[in-house]
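The exercises below ask the reader to work through one protein chain, from its overall make-up to individual residues and the packing of its helices and sheets. Each task is followed by a solution that proceeds step by step.

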Amino acid sequence: MAERYDPVAIEKKWQARWEQTGLYRVTEDPARQKYYALVMFPYTSGDLHIGHWYNYGPADAHARYKRMCGYNVLEPIGFDAFGLPAENAAIRSGIHPFQWTMRNIENMRRQLRSIGAMYDWGREVVTCLPEYYKWTEWLFLQLYKHGLAYKAKAAANWCSGCATVLANEQVVEGTCERCHTPVVRRELEQWFFRITRYADELLEDLDGLEWPERVVNMQRNWIGKSYGAEIVFRSEAGDAMPVFTTRPDTVYGVTFMVLAPEHPLVERLTTPDRRADVETYVDMTRKETEIERLSTEREKTGVFTGAYAVNPLNGERVPIWIADYVLLTYGTGTVMGVPAHDERDFAFAKKYGLPIPVVIAPYGWQQGEELTEAYTDEGMMVNSGPFNGMPSSEGYECICDYLEEQGMGGRKVTYRLRDWLVSRQRYWGAPIPIIYCDKCGEQPVPEDQLPVLLPEDAEFRPTGESPLKYHRGFYETTCPQCGGPARRETDTMDTFVCSSWYFLRYANAHYEVSAADPAAVRYWLPVDQYMGGVEHAVMHLLYARFFTKALRDVGLIDFGEPFLRLANQGIILGEDNEKMSKSRGNVVNPDDYVQRLGADTVRAFLMFLGPWDQGGSWNSQGIGGISRFLNRVWNQVQATIDQGEAGPKTNSERAREVRRLTHKTIKRVTEDIEKFRFNTMLAALMEFSNGLQRVQEAGPVGGAAWREAMKTILLLLAPTVPHFAEDLWEQLGNPYSIHNQAWPKWDPDLAADELVTVVVQVNGKVRDRLTVPADADEASVREQALASEKVRRFLGDGAAPKVVYVPGRLVNIVTGRKQGEAG
């Protein structure tokens with residue numbers, strides 16, 4: 001009697017069996033080609049939501065497919081466990097961040113196991129455990145020793161709600177991305193990593209990566225390499241005011257200069273009659289974030305300082321303003337205003353009544369003609385002294401030559417990228433292993449004293465201030481150089497530091513000599529396929545690339561890129577087509593569906609609802625269709641088991657149909673899963689099952705072709721619904737495990753479309769013969785017939801012809817022309 005499909009029981013059974021037999025534990029095997037498949041590890045928020053499943057389920061299916069293709073596949077998992085939410089929970093409810101985090105991890109482990117992924121749990125990393133963050137500290141010291149970590153005073157984004165510094169990327173529309181408190185600028189001593197040293201390499205190496213184009217472009221724009229020139233203006237008092245411009249050919253059109261409000265020259269240059277207005281404006285700017293100040297949507301504002309500069313090329317007197325859209329940390333903190341040829345400068349000049357002389361003439365422009373908008377294209381140089389009459393492209397080079405000859409500046413390359421600020425004024429992060437001694441100065445913690453442990457008895461204040469600042473047991477220490485009293489650094493590291501190297505630790509999570517086991521890293525790294533959200537394009541992904549290059553130069557590894565290929569999943573929306581949120585009440589809890597329909601059904605539905613890189617909306621009705629599909633396959637296999645070897649045989653014609661259907665499906669599914677086209681892959685499998693059902697309904701089935709079809713559909717389903725396929729594989733009497741079987745190969749002859757010859761008649765006369773697939777639809781055959789050169793000359797230019805199609809045999813076209821007329 002056929003067994004009933006009970007997904008919950010089956011999944012529990014096979015997860016236990018896989019764990020017991022160590023099916024997914026992998027080791028280095030030089031005889032086999034490795035494949036490192038990695039999903040971005042989750043933050044320990046407490047629950048896996050449906051978005052996690054949308055990343056992890058399809059990613060696991062692809063990794064399983066690679067395993068069946070013969071690769072030695074590593075698919076590890078771990079937890080990104082430091083961060084502000086745990087600290088905020090401690091402040092709100094009095095629970096220690098460690099307890100909050102580990103409780104969440106326990107729940108998330110359970111949920112991750114329920115997915116049925118082939119994670120090698122023996123390689124798990126948890127970034128908040130001392131055995132991991134010891135090596136985060138150790139890596140900091142390696143960068144420090146090689147001049148890649150340094151401390152400097154700099155303006156920072158300060159969130160008073162979290163009482164910590166934020167990176168630019170963590171400020172969203174002027175507020176903290178975590179607590180939404182308005183962010184202000186504050187001068188602080190902070191730690192940086194010298195990522196700018198790698199700007200060119202980070203940019204150039206993007207060309208060799210198989211990454212989505214939009215991620216590559218986002219990184220290119222974030223690095224922001226610009227070619228231009230530096231021109232040294234001077235104030236009338238003699239102060240040097242260098243500016244960088246990508247358009248040195250427009251320098252004769254400068255009618256004002258703009259300094260960043262925080263520029264050190266502002267106080268000295270401001271005249272007494274302008275001081276009150278300038279100071280008010282400077283104070284206002286301190287309350288704005290860099291994101292706000294750089295916004296292209298804001299109206300530009302500024303204040304005149306009362307001072308003037310001199311244009312070094314024409315000697316003209318130029319008023320000096322301050323404006324919040326100029327930042328001291330970008331370029332030189334000084335900008336030359338060329339309103340005729342820059343949209344921002346044009347708007348600024350119009351607002352404040354500043355001159356707008358044309359120096360690059362558009363075609364058809366007449367001398368004295370006013371511009372209605374900035375002209376930013378190339379043209380002919382005018383009002384530009386000795387450079388008049390030159391094409392602006394030629395003038396660009398000539399002015400650069402002149403600047404260099406006269407010592408007024410010259411060609412220069414700049415970058416938007418700034419060094420990575422890693423200091424955080426909080427408790428729940430990896431301690432920065434630095435000691436300060438009044439006698440010996442700044443000292444690295446000796447490596448044999450690592451890890452610097454976070455104190456367990458920290459007291460969390462309602463203000464959100466880091467308890468490390470007030471914990472004498474933590475910050476009081478001795479100098480490793482002189483043995484005298486010293487003080488520990490109380491800043492901790494940005495959590496992106498922890499995630500910038502975790503992929504190395506997976507190679508051997510228990511290695512005790514250094515952060516990465518050299519032999520294991522040589523075998524497994526770099527990551528062959530990385531999978532996760534596009535929101536990490538200019539933070540995690542860029543930082544991980546920098547870390548990899550830095551650790552290569554330190555001598556720890558021998559490669560420069562961490563992730564050879566990248567795939568981004570889309571976003572799962574609620575059933576109302578809106579982003580899921582508790583306030584909207586549209587959050588989908590995957591556990592509810594797993595307990596009712598099984599993890600395999602959830603996995604398959606998420607892969608089927610649309611292109612993986614685009615996402616889609618959850619549909620509680622649609623998931624029922626996947627459940628019905630799996631039940632149909634289950635029943636087809638059960639019928640095959642019930643009839644046994646002695647059952648009826650499929651006749652030769654239907655056997656050939658079954659074999660063709662089988663091999664065409666192998667080809668389609670293979671091509672789709674290879675390219676992460678999970679939705680069309682599942683559509684092909686559904687068509688396969690439907691085709692087999694039609695064969696069943698046409699008469700007795702059995703024999704070698706049918707058994708091949710039953711085995712094949714299970715092998716093709718195994719990556720997507722691993723428990724389901726495993727159980728039916730066993731029921732068919734096959735050896736354990738289906739996940740150790742080879743991926744099926746198709747016979748090109750059987751997978752090829754069967755072709756037929758279709759005769760094309762025009763007004764009763766044969767004009768062409770078409771070779772088309774036997775199952776080609778009428779629309780495609782009609783289109784091909786009407787497009788034939790041999791046919792078109794008999795169609796004329798009159799009304800649309802009447803077309804009659806006899807499937808697989810004839811296309812008859814009737815026109816209004818007399819028979820035999822030529823065009």
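**Exercise 1. Determine at what angle the axes of helix 2 and helix 21 cross, and classify their orientation.**

The model is a predicted one, and the solution starts from the two helix axes. Two packed helices are described by the angle between their axes and the distance between the axes.

Step 1. The axes of helix 2 (residues 50–68) and helix 21 (residues 652–674) come within 10 Å of each other, and their crossing angle is roughly 120 degrees.

Step 2. Angles of 65 to 115 degrees count as roughly perpendicular and those over 145 as roughly antiparallel, and helix 2 and helix 21 are therefore oblique to each other.

Step 3. The crossing of helix 2 and helix 21 is left-handed.

Step 4. On the side of helix 2, the residues that meet helix 21 are Ala61, His62, Tyr65 and Lys66, and their counterparts in helix 21 are Thr670, Ile673 and Glu674. Sorted by class, this contact holds three nonpolar, two polar and two charged residues.

**Exercise 2. Carry out the analysis of axes for helix 20 and helix 24, and list the residues that make the contact.**

Step 1. The axes of helix 20 (residues 622–643) and helix 24 (residues 722–731) come within 10 Å and cross at roughly 10 degrees.

Step 2. Angles under 35 degrees count as roughly parallel, and helix 20 and helix 24 are therefore assigned to that class.

Step 3. Helix 20 contributes Leu630, Val633, Trp634, Val637, Gln638 and Ile641 to the contact, while helix 24 contributes Phe724, Asp727, Leu728 and Gln731. The residues of this contact divide into seven nonpolar, two polar and one charged.

**Exercise 3. Establish the strand order of the open sheet that contains strand 1 and strand 24, and locate the helix that packs on this sheet.**

Step 1. The sheet has four strands in the order 2-1-24-25, and their pairing is parallel.

Step 2. Strand 2 (72–74) and strand 25 (566–568) are the edge strands, each pairing on one side only. Direction ignored, neighbouring strands of this sheet are turned by 20 degrees against each other on average.

Step 3. Strand 1 (residues 34–39) and strand 24 (residues 529–532) run parallel and are joined by three bridges, with Tyr530 of strand 24 as the bridge partner of Leu38.

Step 4. Helix 2 packs on the sheet and touches strand 1, strand 2 and strand 24, its direction making about 175 degrees with that of strand 1.

**Exercise 4. Describe the open sheet with the order 29-28-31-30, and explain why one side of each edge strand is left without a neighbour.**

Step 1. Four strands form this sheet, and their pairing is mixed.

Step 2. Strand 29 (765–773) and strand 30 (802–806) stand at the edges, and each has a single partner strand, so one side of each has no neighbour in the sheet. The twist from one strand to the next averages 20 degrees.

Step 3. Strand 28 (residues 755–762) pairs with strand 31 (residues 810–814) in the parallel sense over four bridges, and Val760 stands opposite Val811 of strand 31.

Step 4. Helix 26 (residues 778–787) lies across strand 28, strand 29, strand 30 and strand 31, and runs at about 135 degrees to strand 29.

**Exercise 5. Decide whether Ala349 is buried or exposed, and trace its contacts towards strand 10.**

Step 1. Ala349 lies in helix 11 (residues 343–352). Buried means under 20% relative accessible area, and at 1% Ala349 therefore counts as buried.

Step 2. Leaving aside neighbours within four places in sequence, Ala349 is in contact with Phe256, Pro339, Leu354, Pro355 and Ile356.

Step 3. Phe256 belongs to strand 10 (residues 256–259), both faces of which are covered, with Phe256 and Val258 buried on one side and Met257 and Leu259 buried on the other.

Step 4. Strand 10 is joined to strand 13 (residues 334–337) by four bridges in an antiparallel arrangement, where Phe256 has Gly337 as its bridge partner. Three bridges join strand 10 to strand 12 (residues 317–323), and these two strands run parallel, with Trp321 of strand 12 as the bridge partner of Val258.

Notes. Residues numbered from 1 in each chain as written. Predicted model: local features only at pLDDT ≥ 70, side-chain atom pairs only at ≥ 80, totals over all residues. Heavy atoms only, no water. Buried < 20%, exposed > 50% of the residue type's maximum accessible area, 1.4 Å probe, protein only. Contact = heavy atoms within 4.5 Å. Axes fitted to C-alpha atoms, helices over the stretch in contact; angles between N-to-C directions. Left-handed = near helix turned anticlockwise from the far one by under 90°. Nonpolar A, V, L, I, M, F, W, Y, C, P; charged D, E, K, R; others polar. Pairing = 2+ DSSP bridges.
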